[in-house]
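Visitor: I would like a close look at the pleated part of one chain, strand by strand. After that, please go on to the helices of the partner chain and to the contact between the two.

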Amino acid sequence: MIDPSPGMLSFLHGAVVVTLVYTAILACYALGMGILAIVEASFRRKQDHVEDYESVLESPYSIPVSIIAPSYNEELMAVPVVRSLLQQAYPTTEVIAVDDGSTDGTLPALIEEFDLEPRQVFYRSSLETKPVKMVYKSRTEPRLTVVSKENGGKADALNCGINFAKYRYLCCVDGDTMFAPDAVLKAMTIIARDPARIVGAASFFGISLTPETIGEPSYAGPTTNDHLLGDFQHLDMMRAFVDYRAAWSRMECMMCVSGGYGMWRRDVVVEVGGFSPKFTCEDIEMTFRVHERMLREKRPYRIVSLPNLVAQTEGPSKISRLVSQRARWQRVTLETIWEYRRMFLRPSYRKVGMLGVPYYALFECLAPLFQVVSLVTLLLAIVFGVLGWQSYLAFLGLMAFGTALPTTLAVALHDRGYRDYRIRDLVRMILLGPLDLFLYRPILMWAGLVGVWEWMRGDKRWNKFDRNHRPRAAAVATA
Amino acid sequence: MGTAFDARLEPLLVLGFAATAIFWLLLSSWVLVDRALYDRRKRRLVEIGRQLSDPRVAALPDARRASTIGAMLATLPRHEVYRLASNNEISPWVREACAAYSIGRIGAARMLRDAGGTRKWRRISALHALAYDPPAELHDLLQRALADADPDVASAAATVLQRLGDRRAAEILIGGLREARLPASRIAARLERFPMPLDDLLRPLLADPRPEARYWAATLLRHAPHRDGLAASIVPLADDADAPVRKAALLALAAMSPEDAANIATRRLADDAPYVRSAAIHALAQAGERSPDRARRQAIAASIAPALADREWSVRSAAKDGLLRLGPSVWRETAAQLSSTDGFARNGAAEVLQNLGVLDWTIRGLASGVQPTPEAIDVLRRALRAGGVAMADAAVLRTEAEPIPAVHELLRTLDLQESAQ
């Protein structure tokens with residue numbers, strides 16, 4: 001043990017206290033969110049059980065939806081994703097697949113699978129985009145339009161899809177995400193209750209290393225990945241959607257309609273200028289922009305998050321790829337918070353300004369920095385004898401189970417609502433909860449730091465990760 | 001100093017650790033136990049279902065069958081059975097059995113109180129359950145529920161009213177079109193699927209002073225079986241002061257009496273409201289599509305085609321769809337718009353000609369050495385000029401024309417530009 005100077009000692013005391021207070025605030029936040037999530041999940045579960053989906057399915061008055069699926073170098077996933085979108089159980093949909101200048105076989109795969117032929121289509125140029133190279137219509141599936149355009153990023157591709165969209169509601173998805181057949185139905189049934197006010201909706205989508213399995217005949221419900229990194233990512237999403245976003249939605253300040261699956265009202269998206277290519281990712285920024293516009297103009301609106309699992313998206317199977325992806329998420333959060341800093345604690349922005357933005361600023365943007373400072377502080381406190389090993393271990397234990405609680409709550413709420421996982425998957429997910437702090441958080445912390453560094457450097461790259469290895473795909477390629 | 005600080009902190013941290021660990025353990029155990037109990041109940045329900053569908057149970061006298069079913073359901077918690085009666089995710093016959101059991105076990109009087117109460121989910125469950133053996137008061141309760149501010153309660157009431165399927169239920173739903181806070185489209189969806197004809201109930205609404213009532217009456221009547229004078233009673237609504245009513249009337253007439261609709265729609269092509277103009281185009285296209293008379297289709301196309309120059313995108317789009325529906329025989333009327341001074345009309349006409357197959361037909365002719373008529377070549381030339389490079393590229397790719405000199409010579413002389421969207 002090293003004898004610290006009195007100044008150092010005071011500093012360490014202060015730092016340890018600040019760490020504990022920050023942790024306590026986070027715990028209070030998690031507790032509050034947990035309670036709200038329970039209320040919201042219970043409400044949605046009961047609503048789901050009594051909802052007459054059949055009448056929505058058969059109604060000629062169901063609001064039509066344009067599904068926009070941008071993709072860039074998604075040779076492997078493009079066809080199954082488009083197929084899963086065409087198989088949506090909903091009265092009226094159109095699917096607009098936008099190939100954002102892929103350099104692989106994405107477009108030829110779509111042309112071959114859906115028997116596409118080139119056509120000139122004169123569309124509404126509501127939003128500026130990179131030039132369209134060619135439009136294809138399917139000879140076999142009249143609801144499908146494939147647009148081939150010059151590369152401009154996901155936001156640009158979405159805007160291009162919006163220009164082609166015929167209907168009032170847009171379902172904006174990722175080109176590597178596979179959808180359950182009721183994905184559109186579930187969200188639109190909620191939206192149809194109040195279409196004048198609900199301008200955006202999100203829903204829970206899970207992480208899978210091979211999401212295309214959801215479209216296979218043998219698919220019998222979601223399972224865990226039997227892969228630690230994949231399962232931690234899935235639990236992360238489950239926690240985010242089933243706990244936190246559901247709670248934010250309950251409070252009417254849901255701050256992120258994710259890019260993997262997001263419903264938007266077309267007129268609102270066009271009015272705010274479409275998805276912005278200036279940001280690393282488009283989803284969170286669009287949500288902030290819509291909030292900002294609606295609240296500034298004092299217009300009635302709602303953005304909701306639904307707890308049901310509608311899709312599976314591919315998560316990276318390697319740590320380096322995960323770090324790259326999460327660094328991008330951290331970067332876009334920082335870019336967005338910086339862009340909308342004027343909303344911070346401004347009462348005119350109501351709950352969004354007073355709760356949503358401050359939460360993102362304090363606990364999402366600063367989290368990586370604070371975690372590192374806490375780690376260093378606690379280590380110094382031990383080295384200088386301010387904190388004993390027993391206290392340190394107790395703190396670690398407290399954090400491990402404290403982190404596991406929201407995860408377990410998310411598993412509990414999801415299972416109460418949908419009963420779709422097998423018991424062995426539930427056991428695995430529950431047991432992974434306390435390990436999250438030791439095996440997964442450090443990766444996220446590192447990714448967060450990388451994201452902060454990239455943001456400071458002005459990096460705007462997408463950092464798309466290579467697709468995971470598929471034994472079956474490899475076998476087909478070999479054959 | 002450090003030790004004193006640590007000594008104060010350590011018990012707190014240990015206590016916090018123990019508390020969170022125990023809480024996690026309890027929560028985790030609850031998740032698994034709850035799931036195991038659910039699985040057991042589910043298995044039990046499957047078993048009950050199997051027994052209920054057993055012909056021997058169905059053959060039992062009513063009293064014996066009821067007691068047999070009751071004995072089966074008695075193995076489930078009472079509140080569970082009550083909730084199951086309103087659960088749309090399970091089979092109707094299980095719901096019915098659960099409802100009958102709940103009414104017997106809980107008592108109709110208490111369920112009626114629940115159905116009129118303020119506890120939302122219990123109210124919904126009671127409304128669903130009572131519908132299987134409707135007491136006299138149920139319609140009034142459903143009427144109140146349909147007018148409720150809570151969309152879940154109102155939506156449940158609409159579902160139950162549709163399931164009741166009687167005249168009084170229909171009257172309540174139709175009343176809800178005017179007064180309920182639930183979006184009228186949700187109620188209309190139930191009326192669309194109503195098990196009895198509703199024309200006599202909807203018809204008086206055509207003269208209702210409220211435009212919403214007239215709108216929904218016209219909309220819902222479009223699928224009514226043809227009754228004397230029904231179309232005639234909708235005709236005046238095509239000139240209604242309210243634009244959505246005019247639109248609904250045009251669409252209803254198009255479905256009921258396309259020829260009458262076409263005559264009225266022609267004058268509505270100049271309506272102020274874009275969606276009425278679109279509906280007029282739809283009505284005209286519907287009449288033309290069904291007409292075996294080529295000259296009639298061409299006359300209709302000639303009236304639709306100028307809408308390709310409409311200032312609203314939705315109307316231009318409707319015009320393109322309308323011309324396509326009329327088929328290749330209207331290519332001349334469409335091609336006439338290639339000479340329009342309006343850019344939208346020119347490129348819209350080019351797109352329609354492309355989708356009608358007119359361009360492909362001419363290019364294939366050129367490629368195969370069969371000389372198309374000068375008029376066809378002229379239309380191709382003007383369409384490709386209006387459609388721009390992308391249209392020419394798409395046409396060549398689509399027709400899989402090899403570099404045929406005739407095609408290339410034609411494209412070269414066009415001096416194609418990128419066409420503005």
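Guide: The account below begins with the sheet of chain A, then turns to chain B and ends with the contact between the chains. The model is predicted.

Chain A holds an open sheet of 10 strands with mixed pairing. Read across, the strand order is β3-β4-β5-β2-β1-β6-β9-β8-β10-β7. β3 (116–119) and β7 (177–179) of chain A stand at the edges with a single partner strand each, so each has one side without a neighbour in the sheet. From one strand to the next the twist averages 30°. Pairing in a sheet goes through backbone hydrogen bonds, in either the parallel or the antiparallel sense.

Start at the β3(A) edge. β3(A) runs antiparallel to β4(A), and 4 bridges join the two. One pairing places A:S138 of β4(A) as the bridge partner of A:L116. β4(A) covers residues 132–138 and is mostly covered, with 5 of its 7 residues buried. β4(A) is also antiparallel to β5(A), residues 144–149, through 5 bridges. Here A:V132 stands opposite A:K149 of β5(A). β4(A) and β5(A) form a hairpin, with 5 residues between them.

Further along the order, β1(A), residues 65–71, and β6(A), residues 169–173, pair in the parallel sense over 4 bridges. A:Y169 in β6(A) is the bridge partner of A:V65. A helix also meets the sheet: α7 of chain A, residues 228–250, lies across β8 (198–208) and β10 (302–314) of chain A. The helix runs at about 160° to β8(A).

Now the helices of chain B. α5(B), residues 92–106, packs with α6(B), residues 108–115, at an angle of about 110°, and their axes are 6 Å apart. Angles of 65 to 115 degrees count as roughly perpendicular, and α5(B) and α6(B) therefore fall in that class. α5(B) makes the contact with B:S102, B:I103 and B:I106, and α6(B) with B:A108, B:R110 and B:M111. By class these residues are 4 nonpolar, 1 polar and 1 charged.

α13(B), residues 211–221, is mostly covered, with 9 of its 11 residues buried. Among the buried ones are B:R214, B:Y215 and B:W216. The buried residues of α13(B) pack against α10 (167–179), α11, α12 (199–202), α14 (230–234) and α15 (243–256) of chain B.

One residue of chain B can be placed individually. B:R123 is in helix α7 of chain B. A residue counts as buried if 20 or more other C-beta atoms lie within 10 Å of its own; B:R123 has 24 and is therefore buried. Leaving out residues up to four places away in sequence, B:R123 touches B:D114, B:A115, B:G117 and B:V153. B:K320 is 197 residues from B:R123 in sequence and 50 Å from it in space, C-alpha to C-alpha.

Last, the contact between the chains. Chain B gives 50 residues and chain A gives 51 residues. On the chain B side, α1 (2–52), α7 (120–130), α9 (151–164), α11 (184–192), α21 (343–356) and α23 (374–399) each supply at least two residues. α1(B) has the largest share of that side, 19 residues. By class, the side of chain B that touches chain A has 25 nonpolar, 14 polar and 11 charged residues.

Notes:
Residues numbered from 1 in each chain as written. Chains lettered and ligands numbered in written order. Predicted model: local features only at pLDDT ≥ 70, side-chain atom pairs only at ≥ 80, totals over all residues. Contact = placed C-beta atoms within 7 Å. Nonpolar A, V, L, I, M, F, W, Y, C, P; charged D, E, K, R; others polar. Pairing = 2+ DSSP bridges. Axes fitted to C-alpha atoms, helices over the stretch in contact; angles between N-to-C directions. Parallel < 35°, antiparallel > 145°, perpendicular 65-115°, else oblique. Buried ≥ 20, exposed ≤ 12 C-beta atoms within 10 Å, placed from the backbone.
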